[in-house]
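Colleague: I should like to go through the terms used for this model and ask what each one rests on. Please show the structure before we begin.

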Amino acid sequence: MGRSRRTLPEELLLLALDPATGTTAQPQSLDLGLAGAQLVELALAGRIAPDGDRIAVVMPRPTGDPTLDSALELLRRRGSPVRAVHWIGGPRLGLRQTYLSHLERCGMVHAVAGQMCGVLPTTRYQATDTAISREIRARLDSAIRTGVPPDPRTAALAALAHAVGLGKHLYPGNEGRSSRSRLRDLIRHDPMGGLVAHAVMDVQNGASAQPRRGAVAPGRQPAVQMPSRRGGMARAAAH
């Protein structure tokens, strides 16, 4: 995978960066979103594919991106498809900081050291090239404004932004209500992005270990094969 294209985790993180404070919006759910964005990026690269509510490795060849390849190798080691909700809900310690450090090395952000209450050291991150952030935001705005089905990458980014709660950050107040609604609706334009976004929301809602309404009984085939929020996640199995 060439480095001329920004990955979805990078774009999601840049969207979440608050230019005024240098902090990330929705930090807890953002960590889940970054793990989900890795899955979508790997799917776009042809390395994984949805298998019902699970994720299957279809090509274990490295992408050339160390962080993505680490996730791909972990998926490969599972030996069998893993439920998206289990993968996203797993421990992802340091993932946000890994991507912030990467963006800093690439010159897209710079770290600003500070202190909280005059004692605790803090680090804020400011975008160094606001044109990049504006371009990412413009893609979402265009998809929302025109109603034209976006490309899979933009559709997945919209789905993830909605799933982690960035809607109120990007389109605040009553005046942004319709835009937030359309952002949510974009989730339907990319099956993989939709599967991952719903898994992110399920983890936040504590539903990862619960049987899904309309779950498919063992030995029966679901009526619809498209990943969906009613896609029939069975009770969690130990991994």
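Colleague: How many helices and strands are there in the protein chain?

Modeller: This is a predicted model. Its protein chain contains 10 helices and five strands.

Colleague: What share of the 239 residues is buried, and what makes a residue count as buried?

Modeller: A residue is buried when its relative accessible area is under 20%. Buried residues amount to 42% of the 239 residues in the protein chain. The chain exposes about 12200 Å², of which carbon and sulfur atoms supply 54%.

Colleague: Which share of the contacts links residues 24 or more positions apart?

Modeller: Among contacts in the protein chain with a separation of 6 or more, 66% involve residues 24 or more positions apart.

Colleague: Why is H1 called largely enclosed by the rest of the structure?

Modeller: Nine of the nine residues of H1 are buried, so the description of H1 as largely enclosed by the rest of the structure follows. The buried residues are Leu8, Pro9, Glu10, Glu11, Leu12, Leu13, Leu14, Leu15 and Ala16.

Colleague: Why are H1 and H5 called roughly perpendicular?

Modeller: Helix H1 (residues 8-16) and helix H5 (residues 95-105) pack at an angle of about 90 degrees, and their axes are 10 Å apart. The range for roughly perpendicular is 65 to 115 degrees; H1 and H5 are therefore roughly perpendicular to each other. On the H1 side the contact is made by Pro9, Glu10, Leu13 and Leu14, and on the H5 side by Arg96, Tyr99, Leu100, His102 and Leu103. By class, these residues are six nonpolar, one polar and two charged.

Colleague: What makes the pair H2 and H3 roughly perpendicular?

Modeller: The angle between helix H2 (residues 27-44) and helix H3 (residues 66-78) is about 90 degrees, with the axes 10 Å apart. Set against the range of 65 to 115 degrees, that makes H2 roughly perpendicular to H3. H2 contributes Gln38, Leu39, Glu41 and Leu42 to the contact, while H3 contributes Thr67, Leu68, Ala71, Leu72 and Leu75. The contact of H2 with H3 comprises six nonpolar, two polar and one charged residues.

Colleague: How do you know that the side chains of Arg6 and Glu135 make a polar contact?

Modeller: A polar contact requires a suitable pair of N or O atoms within 3.5 Å, and the side chains of Arg6 and Glu135 make such a contact at 2.5 Å. Arg6 itself lies in the segment before H1. Leaving aside neighbours within four places in sequence, Arg6 is in contact with Glu11, Leu14, Met108, Ile132, Glu135, Ile136 and Arg153.

Colleague: Why is Ala158 called buried?

Modeller: The cut-off is under 20% relative accessible area; at 0% relative accessibility, Ala158 therefore counts as buried. Ala158 belongs to helix H7 (residues 152-163). Beyond its neighbours within four places in sequence, Ala158 is in contact with Leu140, Leu183 and Leu186. Its C-alpha atom is separated by 6.7 Å from that of Ile187, which is 29 residues apart along the chain.

Colleague: What is the phi of Gln26, and where is Gln26 found?

Modeller: Gln26 is found in the loop between H1 and H2. Its phi is positive, about 50 degrees, although Gln26 is not a glycine. Most residues other than glycine have a negative phi.

Colleague: Why is Gln26 called partly exposed?

Modeller: Partly exposed lies between the cut-offs of 20% and 50%. Gln26 has a relative accessible area of 38%, and is therefore partly exposed.

Technical notes. Residues numbered from 1 in each chain as written. Predicted model: local features only at pLDDT ≥ 70, side-chain atom pairs only at ≥ 80, totals over all residues. Heavy atoms only, no water. Axes fitted to C-alpha atoms, helices over the stretch in contact; angles between N-to-C directions. Helix = DSSP H or I, 4+ residues; strand = E, 2+ residues; numbered from the N terminus. Parallel < 35°, antiparallel > 145°, perpendicular 65-115°, else oblique. Contact = heavy atoms within 4.5 Å. Nonpolar A, V, L, I, M, F, W, Y, C, P; charged D, E, K, R; others polar. Buried < 20%, exposed > 50% of the residue type's maximum accessible area, 1.4 Å probe, protein only. Areas by Shrake-Rupley, 256 points an atom, 1.4 Å probe, with all protein chains shown as cover. Polar contact = N/O pair within 3.5 Å; in protein donor to acceptor, adjacent residues only side chain to side chain.
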